[in-house]
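This report describes selected features of a two-chain protein model, with attention to helices, salt bridges and surface exposure. The sequence and structure are shown first.

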Amino acid sequence: MQRALTLAALALAIAFPMAAVPLDLDFYIGFASRVMIYAIAATSLNLILGYGGMVSFGHAAFFGTGAYVVAIAMTHGIDSLWVSWPLAMLVSGIVALGIGAISLRTRGVYFIMITLAFAQMMFFVFIGLKAYGGEEGLNMPHRSVIGLGLNLKNDATFYYVVLTVLVATLYLLRRLIDARFGRVVEAIRENEARMETIGFSTYRYKLTCFVIAGMVCGLAGALIANQTRYVNPNLMHWIVSGDMMIMIILGGLGYRFGGVLGAIVMLVLDEAISPYTTYSKIVIGFVLLAVVLFAPRGLAGLFDRKRVRAGGGHG
Amino acid sequence: MSGLFLFEQALNGLQFGLMLFLLAAGLTLVFGIMDTINLAHGSLYMLGAYIAATIAQATGSFVMAVPLALIATAVIGMLLELAVLRRLYTRDHMSQVLATFALILIANDSVRMIWGPQPISLNPPAALSGPIDLFPGMTYSSYRLAIIVVGLAVAALLYLLVTRTRTGMLVRAGASNREMATAMGTNIKLLFTCVFGFGAALCALAGAMLGPILAVQVGMGEDILILAFVVIVIGGIGSIRGALVGSLLVGLVDTMGRTFLPMILREVFSPQVASNAGPALASILIYVLMAAVLFWKPQGLFPARG
């Protein structure tokens, strides 16, 4: 059942750009790319938050880092996708290693606050970096160069690249969670003391998980830089971290498609309300409040009555 | 660099630190006894500033506006506790973060609806608008001095309240062992609502006092909220003493860092490096401080719970 739904959704996603042009919906190709990019970012957060139980409130730091790496590399003449995107992942991974190594020494609410504070620190670093635009940010003259006879300037081509990355991310998540690594991480979420007692180095598992999520989020950042051809420090503002958390909470924490579902709901909701009112955030605020108070397992949880998940937990 | 200048910057740091303390005290109490993260704390600060500014404009009296804003914000805070926060005490921290994050979104848009997107002005009372001679050769803003006096007075009052009164004893009991306090017959629900309202009033005081110095605008609460978090993480969550020490540390380090770090860099490196890296380095100084504290003392300087 789920397999059929997944394949149907994938077929729909593949067909969308071809149908969009004759239907005069070209604008929505870019919008759909943006939704998928946030879906990748939210999925990476889901890995540490939903599966690992680490309530990171600074995930935007990696999003922004990935974006800045691509933009900065371009100002230095490196515009090949094959160089700058892996570089974005590498640098985000190193940043995640540093932040994670210190933050994971703490627990619970300290972890939430320290990840938040580190992300704000990155935010201020980039505001202060006058050489790369400071508060103004950086414009990218063009999108990354992919070669292979393709050009990302074409929105449909870019859409397919983003879709490929999203599918790869979801596949990776699935393989990771089904593997021994994923089992250990989930078990640590349920009871860290127990795992430690039976001989697992829980800190190492959590840190590895944190770094993988940081790298994937960095890749999403590289994509968003290409999507808008513009980066600025606001990409790593803590509101963005909050938005990512909202997405997976809306979508469903610890569900494979939670991030995707949440990104779709949140961005479509925002897009649907904003023509009518400038106060779209208040609507999202009330929806979120209602979900947290009355449907704590998110939208995916509403459709899934069989599986009972602990979800979340104290960092 | 003269000693006077150093002294003036230290006073500015003290002034900022004391205002941070007003926010951090409420935040740390709410966390300490209710085990709840309240991101909307910054929104109460914003509301306090807006209400104070509105009353000050209507009546022309800053002195009247501050206590009224305190009361109004305390009432809003208590209503918020009854309507939303109360349902979150038994939930995990992430639900608390998300629900109070939702409150921020709601508060920001509500303020935008009521007061518009433009910053509004809040003027200090005329008597405190000029500089004052602290001692021969040293003038200082009389308004900032007033903030220091108010901040110290509130800090002393809070200290007495928490350590010397029966209510304070209940608060401390709740912070160190909630179940035991309940078992001993404390009306914990009422206590929670009151502490929350009290924290909201402290927010409003900080908002109203800082309003004339910083801008009264949407989003003002978020930036200072993060600083308040840094403060209570450094100080140890739940500890009033920790909040005071943390606030003063953060206030001083942040203010002094912004002034002196670029100067020091200019001495050591080229002016170009200083002007490029100085502001960035200065603004991350407090986060470095926090990371260092947490590295050696993961529970903060004064852990409230053993």
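In what follows, a residue is called buried when its relative accessible area is under 20%, exposed when that value is over 50%, and partly exposed in between. The model is a predicted one. By the cut-off for burial, B:Asp254 is buried, because its relative accessible area is 7%.

**Helix α10 of chain B**

B:Asp254 takes part in a salt bridge with B:Arg258, in which the closest N and O atoms are 3.2 Å apart. Both residues belong to helix α10 of chain B, and because they are four residues apart there, about one helical turn separates them. In contrast to the buried B:Asp254, B:Arg258 is partly exposed, with a relative accessible area of 45%.

The helix that carries this pair covers residues 240–268 of chain B and has 29 residues. From its first C-alpha to its last, α10(B) reaches 39 Å, close to the 42 Å expected at 1.5 Å a residue. A kink of about 40° is centred on B:Gly257. At the start of α10(B), a side-chain oxygen of B:Ser239 comes to within 3.4 Å of the backbone nitrogen of B:Arg241.

**Salt bridges**

Over all chains, the count of salt bridges comes to ten. Three of them are set out below, with the N to O distance and the relative accessible area of each partner.

| Pair | N to O distance | Relative accessible area, first residue | Relative accessible area, second residue |
|---|---|---|---|
| A:Arg107 and A:Glu192 | 3.0 Å | A:Arg107, 45% | A:Glu192, 15% |
| A:Glu190 and A:Arg189 | 2.7 Å | A:Glu190, 43% | A:Arg189, 17% |
| B:Arg258 and B:Asp254 | 3.2 Å | B:Arg258, 45% | B:Asp254, 7% |

The side chains of A:Arg107 and A:Glu192 meet in a salt bridge at 3.0 Å. A:Arg107 lies in the loop between α4 (81–103) and α5 of chain A, whereas A:Glu192 lies in helix α8 (residues 192–197) of that chain, so the pair ties together parts that are 85 residues apart in sequence. A:Arg107 is partly exposed, while A:Glu192 is buried. These two residues and A:Lys206 are linked in a network of salt bridges.

The pair formed by A:Glu190 and A:Arg189 also meets through its side chains. Here A:Glu190 is partly exposed and A:Arg189 is buried.

**Other features of chain A**

Helix α5 of chain A spans residues 108–128 and has 21 residues. Its first and last C-alpha atoms are 31 Å apart, close to the 30 Å expected at 1.5 Å a residue. Of the 21 residues of α5(A), 19 are buried, so this helix is largely enclosed by the rest of the structure.

A:Val83 has its place in helix α4 of chain A and is partly exposed, with a relative accessible area of 44%. Its C-alpha atom is separated by 40 Å from that of A:Gly285, which lies 202 residues away along the chain.

Most residues other than glycine have a negative phi. A:Arg229 has a positive phi of about 50° although it is not a glycine. A:Arg229 is found in the loop between α9 (202–228) and β2 (230–231) of chain A, and its relative accessibility of 37% makes it partly exposed.

**Polar contacts and a surface patch in chain B**

Which backbone nitrogen does the side chain of B:Gln96 reach? That atom belongs to B:Ile37, at a distance of 3.2 Å. B:Gln96 is found in helix α4 (residues 93–115) of chain B and is buried, with a relative accessible area of 0%.

B:Thr193 belongs to helix α8 (residues 188–210) of chain B. At 9% relative accessibility, B:Thr193 is buried. Its side chain makes a polar contact with the side chain of B:Glu81 at 3.0 Å, and another with the side chain of B:Arg86 at 2.9 Å.

On the surface, B:Met64, B:Leu68, B:Ile71, B:Val75, B:Leu79 and B:Leu82 form a nonpolar patch, with about 540 Å² of accessible area together. Within this patch, B:Leu79 is found in helix α3 (residues 62–83) of chain B and is exposed, with a relative accessible area of 52%.

Methods. Residues numbered from 1 in each chain as written. Chains lettered and ligands numbered in written order. Predicted model: local features only at pLDDT ≥ 70, side-chain atom pairs only at ≥ 80, totals over all residues. Heavy atoms only, no water. Patch = residues over 30% accessible without salt bridge, like charges linked within 9 Å, V, L, I, M, F, W, Y side chains within 5 Å. Areas by Shrake-Rupley, 256 points an atom, 1.4 Å probe, with all protein chains shown as cover. Salt bridge = Lys/Arg side-chain N within 4 Å of Asp/Glu carboxyl O. Helix = DSSP H or I, 4+ residues; strand = E, 2+ residues; numbered from the N terminus. Buried < 20%, exposed > 50% of the residue type's maximum accessible area, 1.4 Å probe, protein only. Expected span 1.5 Å × (residues − 1). Bend = angle between axes of the 7 residues up to and from the residue. Polar contact = N/O pair within 3.5 Å; in protein donor to acceptor, adjacent residues only side chain to side chain.
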